[in-house]
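Thanks for sharing this one. Here are a few friendly notes to read alongside the coordinates.

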Amino acid sequence: ALLASPRAVHQVFSWRGKKGGMSSVGTSEDGEESSSVQDEDEEANLIVDLLSTIKAPQVTELNCRSALLQWWPPDCKATPELEVTEASISYEVLLSDKGKEGKYKSIYSGAALSCRIQDLKPGVEYSVCVTGWLEGLAGSASEPSLFRTPPCEPDAPLKLKLVSRTRTSLQLRWNAVSDNGSPITHYLLQNWQEGSKEWTEVYRGKGKQSNLPKLQPATNYQFRLAAVNECGQSEWSDEVTFCTSDSPPTAPAPPVLSEAGVTCLTLGWEQRPVDDEFTLQMDDRDTGHGFLAVYNGKDQSHVCTDLRRHTSYKFRLRAQNEEGSSQWSEEVSYRTLPGRPAPPSRPFVKGRVHAHYFKVKWEPPTDRGGTDITTYTVQLKKNGEFVTVYGGLETECVLDRLSPGTVYEVRVCCEGAGGVSEYSDSLIVPTEATCPGQCAPPRLHGKPRPYSVSLRWNYPEVDGGAPVSECEILVRTQNVEDRIAYRGKDTECTVSSLSPGHSYTFLLRANNRVGAGAWSEPLEVRSGNAPPDTPAAPQCSPRPGHVVSCCWPEPRSNGAPVTDYRLEMGHGATPAFTTVYQGAQASCDVRSIPPASLCLFRLQACNVAGWSDFSPVTSLVSPPAVPGPPPAPRYTATPDSLMLSWGTAPDHGSPVTHYCVEVADRSIVTEDLTCVVDNLAP
């Protein structure tokens, strides 16, 4: 904040009166202001007058960088009507380094009666004053106090700068430093002596540059600088190192060819520790301009472009550093590579195209790349890929070992010293078609079945140059005439009407528009085994003891011997058959035949292929037998008798004639289903 004038203080007071500071403004009924406003204005004026009585501050403990400032409060007892205490007053310290008339800035604000001013400049005159504040009102600034800080030693110089150098001298320069209130008397320049391990003075004076002669070439020197005035010597500047010049480099080795191209040459060279930059020159004798610079820089290689193919060029190299340029290296000569020749003409057929060969011819290229053609290469496209079939100097060749009816693509390229040309446009040539080649044998698909076989096959690898129109399957077996089992475009079929367990031979061939191909190698297949044929009805005859003897003839086995028989028996009109015999014999005895019963017999035969169907049923009625046991009797008791009754007993094919009742040692015979036993003890 700048130091305010009395008018500024009055403006602050007026602003507080308008903005709601001291009190509100009252108005009487006839529009006149009340007397309270005048009382408040008078009180504010008294406060401002009181704050304006602060005396000039006192400066103590003054040094080149700081000072202690003290002041005293106004005499509050002189105006007892204000009721103001010294503790309620705050102070603002204003400082100027331009004298009494300079602009002031606030450096402190608070209730203390002293403050320490820091960061002052040595040898500078300052003006300081104090302003009192109370409740937003500021008094006039006190009378300023003038003081001057004492001078001190200069600031440390900045780094030294190198103006120029030679092989035996260095010229250094530096900027002026702040003298801090005391004029610079001289500068002190020192050099580090490596031998004695100490700093040695090499210059003393008021100038700001120094020329140091009689130095060693290509040697590093370390320097530092200090400024001196009457107050003392500054701190040393940062240390710097400068090197004297050396002799120009010697002639470098000639450039070396790293890579040669058709229109470019890549050259490289070694960089020595004394080399900073290089200049590469090239001589194109066809232009007649001599050596011209083609590169200048710090790189260790350069690519010379836009050159002519198969042409020699001369080169030389020079190195430079701060000391100067070297002599030119020895001259070397390098040649660009020859260019690639243009492709030959599109090949064409010479003569007739046969099924397995034809001849092609071509014309040499119009542009041979600057050199002679060393070889021609002919490629033929087989199975989707080009393969080389000829290489030589002739401009025609015979392409043989070809497949009939196949479309071939032929192309030619040539090679010279400059490389291999692009391939020519392709020639498309179809060869003549023939009958299809031999097929591979058909393959069995799945397990052979007793009456049919499923076969699969592939078309022949060589179709003769014409699509396969159909395939044929030939079936051959012993004692039977050969027959075509299938003819069509499919690659699988099922051959039926076979006999189980027989050996068959299958042959395959393919046909196209030219004719039929050769039969394939045979496929030998044995048809699958089938369950035996349905057996004949078993022959059954009863025997005593509830036994039935059964026998039967062996049915046809259908490729596998019969290993087992199963005889089942049932009773009644709707019988539930149960197994009564299973074994390898062709006969058996069935025991425990129920008497006087209708018995039904049927037979199955089995081999490794499974069970046959059941034979026709053989029916038989078994002979009658003695009755079965009657049911347990029921009884009704009296003191001296028993009334017995029972159910009908099974007659087993013959009517029951009578029943026999046994009681103790008595036996009673009766034809009825009841009986009375009397004369019993109660």
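1. Which backbone oxygen lies 3.2 Å from a polar atom of the side chain of Asn 229? In this predicted model, the backbone oxygen in question belongs to Ser 182. The Asn 229 side chain also reaches the backbone oxygen of Asp 179, at 3.0 Å.

2. Staying with Asn 229, you will find this residue in strand E14, which covers residues 220-229. Asn 229 counts as buried, because its relative accessibility is 4%. Setting aside neighbours within four places in sequence, its contacts include Cys 152, Glu 153 and Pro 154, as well as Pro 183, Ile 184 and Thr 185.

3. On to the cysteines. The disulfide count is 0, with the rule asking for two cysteine sulfur atoms within 2.5 Å. Cys 64 is in no disulfide: the nearest cysteine sulfur, in Cys 152, is 4.3 Å away.

4. Why does Cys 493 have no bond to Cys 471? The closest cysteine sulfur to that of Cys 493 is the one in Cys 471, and at 10 Å it is too far for a bond. Cys 493 also counts as buried, because its relative accessibility is 11%.

5. Please also look at the open sheet of 4 strands, ordered E36-E35-E38-E39 with antiparallel pairing. Strands E36 (480-488) and E39 (523-526) are the edges, each pairing on one side only. From one strand to the next, the twist averages 25 degrees.

6. Within that sheet, strand E35 (residues 470-477) is joined to E36 by 6 bridges, and the two run antiparallel. A handy place to check this pairing is Ile 473, which stands opposite Tyr 486 in E36.

Notes: Residues numbered from 1 in each chain as written. Predicted model: local features only at pLDDT ≥ 70, side-chain atom pairs only at ≥ 80, totals over all residues. Heavy atoms only, no water. Pairing = 2+ DSSP bridges. Axes fitted to C-alpha atoms, helices over the stretch in contact; angles between N-to-C directions. Buried < 20%, exposed > 50% of the residue type's maximum accessible area, 1.4 Å probe, protein only. Polar contact = N/O pair within 3.5 Å; in protein donor to acceptor, adjacent residues only side chain to side chain. Contact = heavy atoms within 4.5 Å.
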